[in-house]
Amino acid sequence: MVRGSVRVAAVILTTSIAFSGMTITADAASATSVLPSGGVDLTIAKGNTLENITTDVSGSALQIQSILEPAAVEAAVAQEEKAREEAQFRNLVIAQVNDYVNVRSIASEEGEIIGKLYDDSVGTFISEENGWYQISSGSVTGYVKAEYCVTGEAAIELARQVGTRIATVTTTTLKVRTEPSLDASVLGLVPIDDDLVVLEETEDWVKVDIEEGIGWVSTDYVSLHTEFVQAESKEEEERRLAKEAEERRKALEAASARVTQSQSSSGSGSSANYSVGSGSEMGVAVAEYALQFVGNPYVYGGTSLTEGADCSGFVMSVYANFGVSLPHSSSADRSQGYAVDGLENAQPGDLICYSGHVALYIGNGQIVHASTAKTGIIVSNADYKKILAIRRIF
């Protein structure tokens, strides 16, 4: 089932607080002096040493021209960011149900159902009334039963679990490095607009998960946000289902017209060594066709099934053989077709989306994908890393 997601931006404070060229006064008689710091409260205890401290002409104040210790600044920024995040998460209402909880027009089961808040989905708390929470989530504002949701202190840690921290690439080609340094070797390359799962953050670097392994990217070249699933209104659900049905119809028509051609085509490899699971006729045909290219090279930015393709180029070219147009972007593939809930429900031909990567499911818990320049097009276990989304085209 497709669910909308909301991006909650976290402020990234790149703090380089320099006092060169600035004059800041501090009362020499006080035990501590608080320096204005662009929103970050930093306290200088009496007895701490700052460089270049001079008495001004009045003799009653000090002129401070110095640079605060980077570690102190980073700690203060981290503390403020944590406090801001906790305040934000405390105000969330997070559904904890098997599937979804209805959002109603009034705080009663007699109220009209105006939307659905899916399991682990979030809304913003507005008020509480007789065991109901009034929330705002996506385009929906209404009431959910409090017994099926958590909010307040309980929501803080849960929000970190159900939310996915994402770094979206903002430069044409992002270099992912083995260490958080521009001097470190390049682990892999990621194209613009791709989404990477964030594992760790510092002031200037983010640890991310890519196909080649765990690496680091500069915060100068990504935008950071936390993704949460949000409510879907009744009207949005109806429009989504109609759109998905029409897209499936068109994809099936296009594939049916070309399935004979695709089955008779051959790549440089063979699918004889791999078992394709059961599923729709078209999905199985896609998987069998894709397997013919196992062993062919990986080429960053490539789309050739024989001369070389990257992960999304491989998926795009396989489906192009069936008359279906997909984007050359692993991030954009996360919104193609319609959602499949869980790997246990995946069928051959489904898109399996990961952090900065996409593959084709072939059944029996396996995928075929253009993995890395070192491995080329290979077959792997589908659960070899965290799955972000599963999408079905047919």
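Let me begin with the aromatic side chains, where Tyr289, Phe293 and Phe322 are joined into a cluster by ring pairs. Please keep in mind throughout that this is a predicted model. Across the whole structure the search finds seven aromatic pairs, and one that I would like to describe in detail is formed by Phe89 and Phe228, which meet edge-to-face with 5.9 Å from centre to centre and 85° between their planes. That pair ties together distant parts of the chain, since Phe89 belongs to helix H1 (residues 70–90) and Phe228 to strand E20 (residues 222–229), with the two positions 139 residues apart. Both rings are buried, Phe89 having a relative accessible area of 3% and Phe228 one of 1%.

Rings also meet charges here. The charged end of Arg248 sits over the ring of Tyr338, at 4.4 Å from its centre, and Lys116 lies over the face of Tyr100, also with 4.4 Å to the ring centre.

That brings me to the salt bridges. Side chains of opposite charge can pair when their charged atoms come close, and in the whole structure the search finds 20 salt bridges. In one of them, Glu109 meets Lys145 with 2.5 Å from N to O; Glu109 lies in the loop between strand E8 (100–104) and strand E9 (113–118), whereas Lys145 is in strand E12 (residues 140–145), so that the pair links distant parts of the chain, 36 residues apart. Glu232 and Arg240 form another salt bridge, their closest N and O atoms being 2.7 Å apart, and here both partners count as buried, Glu232 at 7% relative accessibility and Arg240 at 12%.

A further salt bridge joins Arg249 to Glu253, with 2.7 Å between the closest N and O atoms. These two residues are four apart in helix H3 (residues 234–264), and therefore about one helical turn separates them; Arg249 is partly exposed, with a relative accessible area of 38%. Beyond such pairs, there is a network of salt bridges that links Glu85, Glu86, Glu157 and Arg160.

Finally, the cysteines: how many disulfides does a search of the whole structure find? The result is zero. For Cys311 the reason is distance, because the closest cysteine sulfur, in Cys353, is 9.4 Å from its own, which is too far for a bond, whereas a disulfide would need the sulfur atoms within 2.5 Å. Cys353 is likewise in no disulfide. Both residues are nevertheless buried, Cys311 at 8% relative accessibility and Cys353 with a relative accessible area of 0%.

Methods. Residues are numbered from 1 along each chain as its sequence is written. This is a predicted model: local features need pLDDT of at least 70, side-chain atom pairs count only at pLDDT 80 or more; totals for chains, interfaces and linings use all residues. Side-chain values use heavy atoms; hydrogens and water are left out. Buried means under 20% relative accessible area, exposed over 50%, partly exposed in between (1.4 Å probe, protein chains only). A salt bridge is a side-chain nitrogen of Lys or Arg within 4 Å of a carboxyl oxygen of Asp or Glu. Rings of Phe, Tyr and Trp (its six-membered ring) pair if their centres lie within 6.5 Å; planes under 30 degrees apart count as stacked, over 60 as edge-to-face and the rest as tilted. A charge sits over a ring if NZ of Lys or CZ of Arg is within 6 Å of the ring centre and within 35 degrees of the ring normal.
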